[in-house]
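Here is a tour to follow with the model open in your viewer. Keep the selection tool handy, and we will move from one stop to the next.

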Amino acid sequence: MENFKIADKEFKSRLFTGTGKFKNSQLMKEALEASESELATVALKRVDAGDAHDQILTHLNHDRISLLPNTSGVRTAKEAVFAAQLAREALETNWIKLEIHPDPKYLMPDPIETLKATEELAKLGFIVLPYIHADPVLCKRLEDAGTSAVMPLGSPIGSNKGLKTIDFLEIIIEQANVPVVVDAGIGAPSDAAKAMELGADACLVNTAIAVSDNPVQMAIAFKMAIEAGRMAYEAKLASPVNNAIASSPLLTAFLDEL
Amino acid sequence: MSFKEVFDKYSWDTVKESIYGKTSTDVERALSNPERTLEDFKALISPAAAPYLEQMARLSHEMTLKRFGNTMQLYAPLYLSNECQNICTYCGFSLDNKLKRKTLNDIEIAKEVKAIKAMGFQHVLLVTGEANQTVGVDYIEHAIQQIRPHFANLSMEVQPLDQDEYERLIPQGLHAVLVYQETYHKEDYKKHHPKGKKSNFDYRLETPDRLGKAGVHKMGLGALIGLEDWRVDSFFVALHLSYLERQYWQTKYSISFPRLRPFSGGLEPKVEMVDRELVQLICAYRIFNQEIELSLSTREMETFRNHAIRLGITSMSAGSKTNPGGYAVEPQSLEQFEISDERSPETIKQMLEQNGYEPVWKDWDITLEHS
């Protein structure tokens, strides 16, 4: 399996994880360790970086796992830029998962504010990973704005509905010049495997692991699914074969008479 | 980032070996895949695909119909000048060819415009040689300003320019630019272009990048078939296309496949491509890329063109003159290359209609360019 890169960082694992919704921090730690994930997103609003005993941060203190602070809670580009700067200072990373969802019910990402914030944050030297709709044009606009990756959703966040946006994800993957990380909605390892088979560079999975009866086992299941999907993609999947119709030439018969 | 970085990772010989190593299994897989990769394209242009020609033709026909419908765009070339400082072994306008050099002036351009419009054309393609002193950007800009108001759409096929020059011309209503690499075989390219600005392979190779950065609406790619192994050259065209689509996603692309035609004192094709192989190539491009515009000029014979309309072609020239002033000013002057299909636009129109195709004369509007 090939490694892959976002900005200058190389990843072995193509499974990105979240840190919310676990029963407790200990379980989170065990699940993330089992997942072999190298990047875990953490909501800036959930941590207290000034507190040396912060539950999430102390449990994430792991050589392998880098933190990806997210801006969850902000509603505008301006708030997002401010939050990103706070996160940079508090967590000592210029990586930021940009989440701007002014809609509190479905947490739908705002494309206009996200584009604006990406532009500004990229100029400020951030490695920006924006959470967005599976919108191919928006992805290209974000590339132009200097994004380091795109994170299109598979279905509404936390819905476990799988890859409802598959047709658009395919277009995004086909066109992308930056890594594509499928984020949100991945409910089952088979969803993640499918995303990887399509050629996604990575998946971010949180809810499906965190709320399962056995998060550690589920984390391993996702790890395996993502590896399987990626390996299949690299080995090139066979596609269903249409049987050839044997018949007399119709469109090319003229060539015999030339 | 430019295409050169991608291009430099490939070697001509390795690509060639890989194309000739494709088997019927590879061809069958390429035909049944829902989306085709560059490896699939190699299989489709390989000798192994020859027995699958009818199947490829049907698939290409279906895909073209789905995306373009029963239509055929029509355009006419307008040769502005045959002055040229380049030596190109295969071209009638080459510097070392003895012929009367001619560059149209305003009055002559007006006559040619009138004649082309009288035939019904709304899309025109401006063509020149490369003579930067007399037919430089100033001349071209002036010509565009004069010609643009008379047509719905204007393209050009002239020497490669710098990005800022394209940025100057595009707002004047330059819609599309065609720049063919001729051959992607770097060493042979040097042999065929021994003198003149055109001998700079890399500058030409990076022209589509400059066009993309300048924000052109459409660009045309292609290799001149006959200079080198057409299969390998066509692979590089497909590679170039794939790169450009990714890089300049707002631009539309078209491909042409000019076969070397005889002209007075000219070069015999080194590698001949038979009709059957041209059909294979047209179908392969279509199966590889459903959206690409495929254009066929009057270099090809009547019968071939009559059938090609169903094989994936979406745009054709008709009644073309390849000499400056050829429509009205100096119809007898020497052509760049011989025309094989000499039928009038009206006859082509009838041929298309009889075959159930709508001739499309106008598919753009000058107002769409006012920003």
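Select V27(B), which sits in helix α3 of chain B, residues 24-32. Keep in mind as you look around that this is a predicted model. Is V27(B) buried or exposed? V27(B) counts as buried, because 23 C-beta neighbours fall inside 10 Å and the cut-off is 20 or more. Now show what surrounds V27(B): beyond the residues within four places in sequence, V27(B) is in contact with K22(B), A43(B), L44(B), A48(B), A49(B) and Y52(B). For a distance to draw, try V27(B) to I45(B): the two are 18 residues apart in sequence, and their C-alpha atoms are 9.1 Å apart.

**Stepping back to chain B**

Colour chain B by secondary structure, and you should find 15 helices and nine strands. The C-alpha trace of chain B spans about 60 × 45 × 45 Å along its principal axes. How does its radius of gyration compare with that of a compact globule? For 371 residues such a globule would be near 21 Å, and chain B has 20 Å, so the two agree. Buried residues make up 49% of chain B. Of the contacts in chain B between residues at least 6 apart in sequence, 78% link residues at least 24 apart.

**Into the nonpolar core**

Next, select L44(B), one of the contacts of V27(B). L44(B) belongs to the largest nonpolar core, which has 96 residues. Add L78(B), V124(B), L126(B), V177(B), I282(B) and A284(B): together with L44(B), these touch the most other members of that core. Which element gives this core its largest share? Highlight helix α13 of chain B, residues 275-288, which supplies nine residues. As a general point, nonpolar side chains tend to be buried together in soluble globular proteins.

Stay with V177(B) for a moment. Setting aside neighbours within four places in sequence, V177(B) is in contact with S155(B), M156(B), L211(B), V216(B) and M219(B). Apart from this core lies another, of 74 residues, and its members include A77(A), A84(A), V128(A) and A210(A).

**Crossing to chain A**

To move between the chains, display the contacts that join them: 14 residues of chain A are in contact with 19 residues of chain B. On the chain A side, the touching residues divide into eight nonpolar, five polar and one charged.

Now bring chain A into full view. Chain A has 10 helices and 10 strands, and its C-alpha atoms fill a box of roughly 85 × 40 × 35 Å along the principal axes. Of the 258 residues in chain A, 46% are buried. Among contacts in chain A between residues at least 6 apart in sequence, 63% join residues at least 24 apart.

Colour chain A by pLDDT, the confidence of the predictor. The mean is 89, and 96% of the residues in chain A reach 70 or more. Where in chain A is confidence lowest, and where is it highest? Helix α2, residues 55-59, is lowest with a mean of 75, while strand β8, residues 151-152, is highest at 97.

**The annotated binding site**

Select G158(A), A184(A), G185(A), N206(A) and T207(A), which an unreviewed UniProt entry lists under the feature "binding site". These residues are spread over 50 residues of sequence, yet they cluster in space, with a largest C-alpha distance of 9.2 Å.

Zoom in on N206(A), in the loop between β10 (202-205) and α8 (207-210) of chain A. N206(A) is buried, with 21 other C-beta atoms within 10 Å. Away from its neighbours within four places in sequence, N206(A) is in contact with T17(A), G18(A), G20(A) and K21(A).

T207(A) is found in helix α8 of chain A, and is partly exposed, with 18 other C-beta atoms within 10 Å. Not counting residues up to four places away in sequence, T207(A) touches K21(A), G158(A) and N160(A).

**Two backbone stops**

K21(A) has just appeared in both contact lists, with N206(A) and with T207(A), so select it next. K21(A) lies in the loop between β3 (15-18) and α1 (25-35) of chain A. K21(A) is not a glycine, yet its phi is positive, near 70 degrees. K21(A) counts as partly exposed, with 14 C-beta neighbours inside 10 Å.

Finish at A7(A), in the loop between β1 (4-6) and β2 (9-11) of chain A. A7(A) also has a positive phi, of about 50 degrees, although it is not a glycine. With 15 C-beta neighbours inside 10 Å, A7(A) counts as partly exposed.

Terms used: Residues are numbered from 1 along each chain as its sequence is written. Chains are lettered from A and ligands numbered from 1 in the order in which they are written. This is a predicted model: local features need pLDDT of at least 70, side-chain atom pairs count only at pLDDT 80 or more; totals for chains, interfaces and linings use all residues. Helices (H or I, at least four residues) and strands (E, at least two) are DSSP runs, numbered from the N terminus. The radius of gyration is taken over C-alpha atoms; the globule rule is 2.2 Å times the number of residues to the power 0.38. A residue is buried if 20 or more other C-beta atoms lie within 10 Å of its own, exposed if 12 or fewer, and partly exposed in between; C-beta atoms are placed from the backbone. Two residues are in contact if their C-beta atoms, placed from the backbone, lie within 7 Å. A nonpolar core is a set of buried Ala, Val, Leu, Ile, Met, Phe, Trp, Tyr and Cys residues joined through C-beta atoms within 7 Å. Ala, Val, Leu, Ile, Met, Phe, Trp, Tyr, Cys and Pro count as nonpolar, Asp, Glu, Lys and Arg as charged, and the others, Gly among them, as polar. UniProt positions are given in the numbering used here, feature names are shortened, and annotations may be inferred rather than shown by experiment. pLDDT is the predictor's confidence in each residue, from 0 to 100.
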